[in-house]
Amino acid sequence: MSPDLDLLERRLLFVTGKGGVGKTSVAAALALLAAGRGQRTLLVEIDARGAIADVLESGPTAFDPREVAPRLWAMSMDTEESLREYLKLQLRVPMLARIGPLARSLDFVATAAPGVKEILTVGKIAWEVRERHYDLVVVDASATGHVVGQLAAPEAINELVQVGRVREQTRWMLDLLSDPMVTGTVVVATPEEMPVTETLELVDRLEVETRVPLAAVVVNKVLPELFGRGEQEVFDRLCTPARRHQLASVVAGPVDPVIDGADLAVRLRRSRAEHITRLRTELPRDLPLLYVPYLFTRAHGMRTTRSLAEALGAELGY
Amino acid sequence: MSAGGLEQLCAAREIVVTCGSGGVGKTTTAAALGAMAASQLGGKVLVLTVDPARRLATALGLERFGNVETQVPPALFAEAGVEARGELWAAMLDTKQSWDDLVRAHAPDAATRDAILANPLYRNITAKFVQSHDYIAMERLHEIHRSGRYDLIVVDTPPTRNAIDFLEAPERMADFFSSRLLRWLITPYRSRLVNAASKPFYTMADRILGSQFLADIAEFFVLFQTMYDGFVERAQAVSRTIADRRTSFVVVSTLEDAPVREAEFFMQALVDRELHLGALVLNKVLPAWFADPAAAEVAGRLVRDADEVAGALTHVPLPVAGEAASGASGHLEPLGERAQVGRVLREIGQSFDDYRIVATREREQAAVLARHPELVVSVPHLDHDVCDLPGLVDLGRALW
Ligand SMILES: Nc1ncnc2c1ncn2[C@@H]1O[C@H](COP(=O)(O)OP(=O)(O)OP(=O)(O)O)[C@@H](O)[C@H]1O
Ligand SMILES: Nc1ncnc2c1ncn2[C@@H]1O[C@H](COP(=O)(O)OP(=O)(O)OP(=O)(O)O)[C@@H](O)[C@H]1O
Ligand SMILES: [Mg+2]
Ligand SMILES: [Mg+2]
């Protein structure tokens, strides 16, 4: 961990976290933020479900990176394409007809010898970083369940494969991935029981099972604090039947939904505060925690991604 | 569907599978259904779960037991103020343990068994990678169901990248083991006779991966081939269990874009495969009154005219001397200073507006899913995590 290093000064960021916490949104926002600050940035979607296209409103992404905003390129991972590229560039194997069966058998081998698919994914990303095609590569990585396998793949392969080109390849990948000045993981969590628990577990596993350094934890969807000092008491008095009645006659309309709504908002915020405290106390002390507010918006697209980028920028002191 | 709920479904089926995108509440729903079925319907109910929240696991007495089926102490129901007519059991899925058991059951002899368990590739599959999770969940389910020990098994599914993955897992496993490609791949290792057709592949694979790795792969497959018949048969039996009329699926979703899209996709996939879709659970739904237009008016007024309204509220005629002491009706405890009251009013108006936007979006999402209205059950967004039996029963009532 190297907390003194600015998050975006690294060259490779893996954004991960439990399903649905906002990995894609945060990855896109970080990439947008970096691009806005002048860095040539590549955003890589691993799961190829088109989520990046939604948050950036960019149209579909493919294996070949496409510039979707000034200085921001986006691509989606495809292991078969990655293998093709690898064979061509690294081994100077020309595009053969035989690549068909090779790719198909790869599919089978990958099911039984996992690590092969992962290494093609991580390998392609690491290669982009090594070749310095971009200043920063941000990866919308897999959820907690799969990401350790992915990040540990070079090491696993390194253990399994004793000789051959792949072993040589994994060596430089490992160097790059384990350098805290170059690579970092960003774990996204929402302040809820399971995402927090998974985050704490993931932080441990990343430490034990991979050599990829942890860069930051993003606490996403933080609900707003409604009341300042003394105001909660005012609100509590407002909640009494007599005051509700009085308010209803002043505004001449139904006030219960509005008061109950505020009450629910307060309780939701409180139940989440507990989980934020747990994160703060149980994570390594020097690990940066970045807070991103819950955005109450109708639709999630480029506008929301910009708001998230702004919020992250503020947290990073930009 | 408030009247029907999931009671009927749980009474009529032997296996109920909860599925949906990551984090939507599959595990919680499965546990809540199990708790309701055990307490209301009676009989022996098993919740087969994957990574439950730690507090939930502890609450169910699961932490120490892992793969082993364990009964939730009946005393917990009593403490929760519920009279349990039946038994609730729970088990957590331990992928590695389950794979080992599977190998032990299918290996033709002790030597093969040990060789497989010791093969580096096998160790990697089970220890480091999770692709095998889907299959093993289905496999374990099949095994338990076949044992006939339970009246109802509620199955929680792992957060897969693609919810469809685990439906296809048994098929994929069977295809894999019966594929000609696989046999072709291991032939040279067996005969040491590389024929002209596959030679280029091996030369290239050798250069990339090294021959030791290839040998490990080949050894692994050769060993696994010995379990071929057992495996394929088993995978087919698992597929049959899933398709059986006694099995039903409950799709869980929150009302956010991605989970809704996934839920739609998944429901379609169930239909395409002629599997039984039992219900669609909309979880963490905001209260309907957030969409009340008259309330939105009030909220708007509070934001616009907060100070004026605050003035009206705080401007209460001072109680006549003696009236306060006697506690006469009409007296209200002072609300607070006018400016402060104004801030509170503006804030609650604003907050209502914020949540109304989300609630409106949720209603639109719900409308998208309304094509199957007879199947929809809504569960409110609770203001606390569901991590003990009373919490589960609470949530369960909304499902029932
Ligand atoms: N700060 C936020 N405020 C409000 N909504 C948010 C916020 N961040 C993300 N969301 C919403 O939460 C949902 C999940 O976000 P996102 O798709 O980024 O998560 P993910 O972790 O990538 O999910 P998956 O595991 O499915 O890939 C989306 O509907 C998104 O719009
Ligand atoms: N109706 C609800 N109201 C409030 N919180 C809820 C509700 N349902 C579930 N939760 C909470 O949401 C979190 C996620 O729920 P759960 O673990 O059941 O989801 P899951 O779909 O099983 O997730 P995963 O895909 O990671 O397995 C938990 O902390 C749970 O307590
Ligand atoms: Mg995503
Ligand atoms: Mg779960």
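# Questions on a predicted model

User: At 38% relative accessibility, what does E364(B) count as: buried, partly exposed or exposed?

Analyst: E364(B) has a relative accessibility of 38% in this predicted model. Buried residues fall under 20% and exposed ones over 50%, with partly exposed in between. E364(B) therefore counts as partly exposed.

User: With which residue does the side chain of E364(B) meet in a salt bridge?

Analyst: Side chains of opposite charge can pair when their charged atoms come close. For E364(B), the N to O distance of the salt bridge is 2.6 Å, and the residue it meets is R298(A).

User: What does the pair of E364(B) and R298(A) join?

Analyst: The side chains of E364(B) and R298(A) form a salt bridge. E364(B) belongs to helix α18 of chain B, while R298(A) is in the loop between β8 and α12 of chain A, so what the pair joins is two chains.

User: How many residues apart in sequence are the parts tied together by D307(B) and R346(B)?

Analyst: The side chains of D307(B) and R346(B) meet in a salt bridge, at 3.3 Å from N to O. D307(B) lies in helix α16 (residues 306-314) of chain B and R346(B) in helix α18 of chain B, so the pair ties together parts whose separation in sequence is 39 residues.

User: About how much of a helix separates R278(A) and E282(A)?

Analyst: A salt bridge of 3.9 Å, N to O, links the side chains of R278(A) and E282(A). Both residues are in helix α11 (residues 256-282) of chain A. Because they are four residues apart in that helix, the separation is about one helical turn.

User: How many salt bridges does the structure hold over all chains?

Analyst: The salt bridges include a network that links E85(A), K124(A) and E128(A). Another is the pair formed by R278(A) and E282(A). Over all chains, the number of salt bridges is 30.

User: Which kind of aromatic pair do F290(B) and F352(B) form: stacked, tilted or edge-to-face?

Analyst: A search over all chains finds eight aromatic pairs. In the pair of F290(B) and F352(B), the ring centres are 5.4 Å apart and the planes differ by 40 degrees. Planes under 30 degrees apart count as stacked and those over 60 as edge-to-face. The angle therefore falls between these limits, and the pair is tilted.

User: How many residues apart in sequence are the parts that F290(B) and F352(B) tie together?

Analyst: F290(B) and F352(B) form an aromatic pair. F290(B) is in the loop between β7 (277-285) and α15 (293-304) of chain B, and F352(B) is in helix α18 (residues 338-368) of chain B, so the parts are separated in sequence by 62 residues.

User: Which residues form one aromatic cluster with F290(B) and F352(B)?

Analyst: Both F290(B) and F352(B) are buried. Their aromatic cluster includes residues of chain A as well as of chain B. Besides these two, the cluster is formed by Y294(A), F296(A), W289(B) and Y355(B).

User: How far is the charged end of K44(B) from the centre of the ring of W89(B)?

Analyst: The charged end of K44(B) sits over the ring of Y150(B), 5.0 Å from its centre. That charged end also sits over the ring of W89(B), where its distance from the centre is 4.6 Å.

User: How far does helix α12 of chain A reach from its first C-alpha to its last?

Analyst: Helix α12 (residues 302-315) of chain A has 14 residues. Its buried residues include M302(A), L308(A) and L312(A), and what covers the buried residues includes α1 (23-36) and β8 (289-293) of chain A. The span is close to that expected at 1.5 Å a residue, and its value is 20 Å.

User: How many of the five residues of strand β2 of chain A are buried?

Analyst: In a regular strand the side chains alternate between the two faces of the sheet. T41(A), L43(A) and E45(A) point one way from β2(A), whereas L42(A) and V44(A) point the other way. Strand β2 is largely enclosed by the rest of the structure, because the number of its five residues that are buried is five.

User: Which residue of β4(A) is the bridge partner of E45(A)?

Analyst: Strands β2(A) and β4(A) (residues 72-76) pair in the parallel sense over five bridges. Five bridges also join β2(A) to the parallel strand β5 (residues 136-140) of chain A, where the partner of T41(A) is L136(A). In β4(A), the bridge partner of E45(A) is S76(A).

Terms used
Residues numbered from 1 in each chain as written. Chains lettered and ligands numbered in written order. Predicted model: local features only at pLDDT ≥ 70, side-chain atom pairs only at ≥ 80, totals over all residues. Heavy atoms only, no water. Phe/Tyr/Trp six-rings, centres within 6.5 Å; stacked < 30°, edge-to-face > 60°. Buried < 20%, exposed > 50% of the residue type's maximum accessible area, 1.4 Å probe, protein only. Lys NZ or Arg CZ within 6 Å of the ring centre and 35° of its normal. Expected span 1.5 Å × (residues − 1). Contact = heavy atoms within 4.5 Å. Salt bridge = Lys/Arg side-chain N within 4 Å of Asp/Glu carboxyl O. Pairing = 2+ DSSP bridges.
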